[in-house]
Structure formats: structure tokens, C-alpha cells
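Trainee: Could you take me through one part of this model in detail? I'd like to stay with the ligand and its surroundings.

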Amino acid sequence: MITKQKGTYDIYGDLAKKRAYVNDVLAALCEKYNYGYIETPVFEASELFHRGVGESTDMVKKETYDFQDRGERSITLRPEGTAGVVRWFVENKLYGNMTDPVKVFYNMKMYRYERPQSGRNREFTQWGFECFGSDDVMSDAEVVSLAYNAYRLLGLDDITIKINSLGDTESRDNYRAALKEYFAPHIKDLCPDCQDRFERNPLRILDCKFDAGNEIITNAPKTLDYLNAESKERFDKLLSMLDMMDINYEIDTNLVRGLDYYNHMVFEVVLNDSYALGGGGRYNGLVETLGGPSVPGVGFAMGYDRTILAMEENGVNIPINDSIDVYVLYVSDTEKETASYLVQDLRLNGFITETDTMNKSLKAQFKSVDRYNSKYMIILNDEDLKSNKIKIKDNKTKEEELIGINDLVDYLDMHM
Ligand code: AMP
């Protein structure tokens, strides 16, 4: 027997229905914000992610699925959504005539070679969105609001937006220098990864999973103390906009996010004060890093699988349909022919319809009606069919009626 790969899972049954529901909610919400749908390829040139996400990130160093294809190209399976979307933006020169921002959302599988555990898989889905072309806090606020409203609409009311600002390049550089000075005497007490981060990007020590909670990290200098006046004013403006929008946020000065490309606002969505359900921020340098001109960008990615887990764990009632509308029962060959016509007619008229395809006895067909939780059943009978009649029974009230076969659709429309 061949089994599924570690860190992957099959999507079927109720989970498939729940995901379809979540997709619908998120797509409808994105439409309200005027974001268009995008899908980028599952595989891209490795260089895209190595350059876009950052060579020194854990994601690129340890987690990407890299391989050579048969044409000896270096290929990487998409570990996150932003780099591919930026590649699309640059490749299609969408920066050419930017009178309005370019806004897109995606719902895509991602691949990271991580140690699988609850809520952490090797193949997983992220729903996310990106907005290019505006450097105004108004677009920061729009992105936070879209993320926030998505969780709220899905019934996760207890979420908090943890937010921080890394400031502009000058502020970030000053902060980086301060961190290096602070960590230098403590570096041997941190994990080997953090010792490596110290040289490459000391900001990332702050969100090390291994050293989380370590006093050395908790007492480190805070980004907000290193913001220059402009960056500080910008962050204050954003916070007052979030207040206006009634968004529940908390400043988290240790939040820096793992990727190289963030500046100014970074944020994460946390449930019940623990679980990270998504994250995002502003990345003004990324389009340039990936070969385009200097175009500002801001975006967010939701851990889709984790969000559904959180909905289940928090008792959110996810509306899934666990019944069908009609089951058509028959015995004789002529009844069977009529059944084939009827199910076709009913399905085309929008009713979820089932019939027997396994030559079951009538008794066994009645059992199927119950298992499928069918609202109605139609019991075909040659005698009735001679006068173009069929017997329909409401499974809830147990009421039975003999109606004209051509009146069936009208009958169901009226009764359902
Ligand atoms: P990131 O792209 O790492 O900022 O992740 C954004 C969100 O995606 C996280 O907050 C998680 O909810 C989710 N996520 C990240 N990695 C995984 C994974 N391996 N499995 C499932 N969800 C993940």
C-alpha cells in the first residue's frame, strides 16, 4: 500500500464542504474590497524565492522543496504567495501606468519542508492578498481591516491583531545596529540558529521559535524606540485609523516577522492570545528586489488550514449541507428508465438528487433514503406511471401525494 507523504493530507467529506464554505466567505469579502483573484504556478525558478524571501531566512535555508527538473533548471515549490505575485506584477509590467493600486487575492497550496505537527504541514493552504502602488497608511489600514474582517466573518471573534512598526530603512538600520550591540555579549547563550542570525539579520532573533520567552530576547531593545519622527508619525496615524475602524489590536514590540522584505507595519493575527493564524505587513522594497521599479506593496497571508482548525476548536458552527433533496426509488426496468429521466430533470432544475445505481432491493433503497437524509422520496410504480403519475413523500411530515409527473418540479419549488 502506498500511503500519503508526511505532512500532507487528503481533503474530502465534511472538510471539503467546510473549505468550500470558507472559500465562498473569503471570496465574497475580497470582492467587497475590490480585490481580483489570482493564482500563480506551484513551481517557479528557485531564484525567485531565494531572492524574494531572503537567502538567510529559515524558509529558504531549511524549508523549501528545491529540485532540478529534466531540463536542469533549479525549481522550487511555492513556499509562500507574495514572491510569485510580485513576479507576476513585474513580468506583466503592471507598474506602467498606475493610476490606481493593483489589488489581488489568492487561495493557494504552499510547500515547506517542516516538522509536521498540529496546524503545521508540509503541504498547506494560504489565503492571502497583496496591494501594490500605494504607500499611504490608508492602504495599510485597508489590509489590516480585510484580514480582521475575514476572521470575524468566519466566526472567530476572539482574534487580536498584534502589530508593530519596523519603520523606514533609516529606522530599521538604526534598530539593527542597536540590536547587534545589545546581543553581542549574550550571543553564546542563544541557540545556534540565533548565533547565525546575529550576523545575517539580528531582527530575526526576536521571533526565534526556540528562544521564545528567553529573557535576553524579552529585554531586547524595542523597534518603536528607534523609529525616526516620520516613521513614528506614520505608525500613530495607522493606529488611530484602526481605532476609527473599531479593530481590536495590540502593539507587540517583539513582532518582526521572519521575512527580509518587511518595513513599516508588520502584523499577526492571534487567536485566544496564542495561536498565529496569519501575518502580513508592508514590503516597499520587494518589487525592486525582484527586478521591477520601486513600487510600494502591502499584504497578508492567512493560514487557511489552521483557521479551519481554530473554527472547529472554538465551536464555530460551519454551515455544511448534510442532506439531499430527493431520492428516487424504483424496482422494475420501466420504472428504472423513468428514474433515469427524472433524476436528470431534477438535477438540471437545481435539486440535489440521488437514486439507486447498485441494483438494490426496495428495502435497501429505503435505507439509503435515511442515510442520505433525503428531504423527499419519489417511489416509482408502473401502475401510477401508466397515468403519468408519481408518488412523492415528504420524509419529515411523512405526508404522501400522487402528483402528475410533469408537475414535479413545480411541486418541489413550492414545497421547499
Ligand atoms: P508565514 O507565511 O510563515 O507568515 O505564515 C502565515 C500563516 O500561515 C501562519 O500564521 C500560519 O497560520 C500559516 N502557516 C505557516 N506555515 C504553515 C504550515 N507549515 N502549515 C500550516 N500552516 C502554516
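Which of the 14 residues around the ligand come nearest?

Mentor: Before that, some ground rules: this is a predicted model, where local features need pLDDT of at least 70 and side-chain atom pairs count only at pLDDT 80 or more, while totals for chains, interfaces and linings use all residues. Residues are numbered from 1 along each chain as its sequence is written, and side-chain values use heavy atoms, with hydrogens and water left out.

Now, your residues: Arg112, Glu114, Asn121, Gln126 and Arg257 come nearest, out of 14 around the ligand (a residue is near if one of its heavy atoms lies within 4 Å of the molecule). Two of these also show up in the polar contacts, meaning pairs of N or O atoms within 3.5 Å. Asn121 uses a backbone N or O atom, 2.8 Å from a ligand nitrogen. Gln126 brings a polar side-chain atom to 3.0 Å from a ligand oxygen. Leu277 has a backbone N or O atom 3.5 Å from an oxygen of the ligand. On its own the ligand exposes 480 Å², and the protein buries 90% of that (accessible areas by the Shrake-Rupley method with a 1.4 Å probe).

As for where the shell comes from, strands S6 (123–132), S10 (275–282) and S11 (297–303) each give at least two residues; strands here are DSSP runs of E, at least two residues, numbered from the N terminus. S10 has the largest share, with three residues. By class, the shell holds four nonpolar, five polar and five charged residues, where Ala, Val, Leu, Ile, Met, Phe, Trp, Tyr, Cys and Pro count as nonpolar, Asp, Glu, Lys and Arg as charged, and the others, Gly among them, as polar.

Note on methods
Polar contact = N/O pair within 3.5 Å; in protein donor to acceptor, adjacent residues only side chain to side chain. Helix = DSSP H or I, 4+ residues; strand = E, 2+ residues; numbered from the N terminus.
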